[in-house]
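Student: Could you show me how to read the helices in a model like this one, taking one feature at a time?

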Amino acid sequence: MQLSDVERVYFIGIGGIGMSAVARYFRSRGVAVAGYDKIRTLLTETLEGEGMDIHYTARPELVPAAAADLLIVYTPAIPNDFPELVKVRSGQYTVMKRSQVLGLISEAMRCVGIAGTHGKTTTTTITAYLMGTAGLDPSAFLGGIARDFAGNYVHGQSDWVVVEADEYDRSFLTLHPEIAVVLSTDPDHLDIYGDHDNMLETGFRAFARQIKPGGQLIVRYDVAEHFTRLDEILVTTFGIGRGDFCAHNIRVVHGAFQFDLREPDGHLIQNLRTALPGRHNIENAVAACAVTRLAGGGEEHLREGLANFHGIARRFETVLRTDELVIIDDYAHHPTELRAAIAAARELYPDKTIRGVFQPHLYSRTQDFAPGFARALDALDEAIIIPIYPAREAPIPGVSSQLVYGMMKNEKRRLLTDTQMLEATAELTDGVLLLLGAGDIDALVRRVVAQHRKTTVSHGK
């Protein structure tokens with residue numbers, strides 16, 4: 001099927017952050033969009049307001065009849081026995097994964113694919129923003145809701161497209177980028193890859209081999225050893241203190257990070273400023289600067305873009321701030337991400353008590369990384385662990401939040417239900433509260449914040 005032939009698209013799992021971006025792409029081009037999702041959320045309500053017809057229970061009869069102009073898009077998070085998916089697979093439908101559709105969309109464009117086990121969403125969004133500031137006007141498919149774009153899809157007018165290249169289910173192997181970034185290669189999704197070596201070979205190295213001849217790979221300096229012997233591809237490194245594109249002289253000025261960027265030819269761009277928290281975000285910014293420079297952006301565009309970039313929802317997002325209490329929402333769901341979020345909180349609020357609520361995501365990930373989760377959470381002054389968000393998975397015997405709790409050494413840790421957590425956090429009056437996880441904890445975040453806003457109003461503050 002050619003995308004130009006598509007007049008209707010039906011999404012099975014339309015409310016996912018990646019799926020909804022593709023839905024918005026089609027809707028922006030006048031294509032009729034409808035679909036299913038499990039629960040109504042703020043995002044699905046927004047999609048409905050944009051003219052998409054969405055329902056929330058399995059209704060195979062609502063799937064349009066197979067036709068030449070109809071495309072069915074699904075996410076691998078949907079179980080194989082889901083009735084609507086069973087129907088379209090057994091009929092004469094054109095059925096594609098979201099990643100396959102992204103591959104088709106980007107095939108004829110100048111694609112920037114940003115991969116890595118951490119930092120993809122932030123780096124993809126900064127890159128799209130910097131390229132836009134430089135007048136390159138890219139389209140972009142983002143893995144989060146960007147404040148500067150008011151969404152997760154950017155409708156650009158040029159032939160550039162910036163795509164978050166997801167390693168889950170080897171989705172990024174549908175892409176053939178002109179410029180690719182690999183931010184990190186830590187073990188993850190071992191339910192898909194089996195082990196880390198296989199993840200490197202059949203995941204990240206396979207992705208790098210799909211870069212178009214004459215293209216560029218930008219890789220963090222400490223994992224560059226995994227990307228040797230790539231024919232017809234220029235490999236460039238980045239990092240803090242090391243790399244071809246390198247951040248130096250990092251300091252905090254008036255509550256924001258400033259740094260100098262040394263480029264491969266030795267040129268130094270001084271006093272770049274970003275309000276994003278944490279040194280991991282300086283690395284993300286350096287990678288985005290490297291892409292923008294290689295795509296033709298100027299020094300002044302980096303300076304202006306970084307200074308004006310506002311960040312992404314659920315990426316160290318401050319959702320409540322009073323003189324005494326700060327509440328921060330973060331998508332962290334891997335030990336490395338937890339460590340980065342907690343370290344950022346320590347650096348920004350060195351004199352405050354740092355508390356955290358963590359919702360593990362997936363039984364398989366909890367089983368694989370329980371020791372790492374425990375070590376990361378031990379860095380909190382006080383920790384609360386709530387039940388696992390299972391997403392697509394069935395329970396694994398012996399795997400629960402108790403597994404992480406039992407490995408922790410932090411004496412001020414509690415294992416609570418969602419309701420107990422809400423009660424406990426309602427009593428907080430000071431410090432920093434981190435709400436961490438990639439499941440439905442975002443719905444709990446809204447309730448935590450609402451409790452404190454109600455308390456603030458009742459006290460006349």
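Tutor: Let us begin with packing, keeping in mind that this is a predicted model. The buried residues of helix 7 are in contact with strand 6 (110-115), strand 10 (179-182), helix 6 (190-193) and strand 11 (216-220).

Student: Which residues of helix 7 are buried?

Tutor: A general idea helps here: an α-helix has 3.6 residues a turn, so residues three or four places apart point the same way. In helix 7 the buried residues are Met 199, Leu 200, Gly 203, Phe 204, Ala 206, Phe 207 and Ala 208. The helix itself, residues 196-209, spans 18 Å from its first C-alpha to its last, close to the 20 Å expected, and its N-terminal end is capped by Asp 195, which has a side-chain oxygen 3.2 Å from the backbone nitrogen of Asp 197.

Student: How do I describe two helices that pack together?

Tutor: Two packed helices are described by the angle between their axes and the distance between the axes. Here the axes of helix 1 (residues 17-28) and helix 2 (residues 42-49) come within 11 Å and cross at roughly 10 degrees; helix 1 and helix 2 are therefore roughly parallel to each other. Ile 17, Ser 20 and Arg 24 of helix 1 meet Leu 43, Thr 46 and Leu 47 of helix 2, and the residues of this contact comprise three nonpolar, two polar and one charged.

Student: Is Thr 122 buried or exposed?

Tutor: Thr 122, which belongs to helix 5 (residues 120-133), counts as buried because its relative accessibility is 7%. Among the residues that Thr 122 touches are Leu 276, Asn 281 and Arg 315.

Note on methods:
Residues are numbered from 1 along each chain as its sequence is written. This is a predicted model: local features need pLDDT of at least 70, side-chain atom pairs count only at pLDDT 80 or more; totals for chains, interfaces and linings use all residues. Side-chain values use heavy atoms; hydrogens and water are left out. Helices (H or I, at least four residues) and strands (E, at least two) are DSSP runs, numbered from the N terminus. The expected span of a helix is 1.5 Å times one less than its number of residues. Buried means under 20% relative accessible area, exposed over 50%, partly exposed in between (1.4 Å probe, protein chains only). Contact means heavy atoms within 4.5 Å. A polar contact is a pair of N or O atoms within 3.5 Å; within protein, one must be able to donate a hydrogen and the other to accept it, and residues adjacent in sequence count only if both atoms are side-chain atoms. Axes are lines fitted to C-alpha atoms, for helices over the stretch in contact, and angles run from 0 to 180 degrees between N-to-C directions. Angles under 35 degrees count as roughly parallel, over 145 as roughly antiparallel, 65 to 115 as roughly perpendicular and the rest as oblique. Ala, Val, Leu, Ile, Met, Phe, Trp, Tyr, Cys and Pro count as nonpolar, Asp, Glu, Lys and Arg as charged, and the others, Gly among them, as polar.
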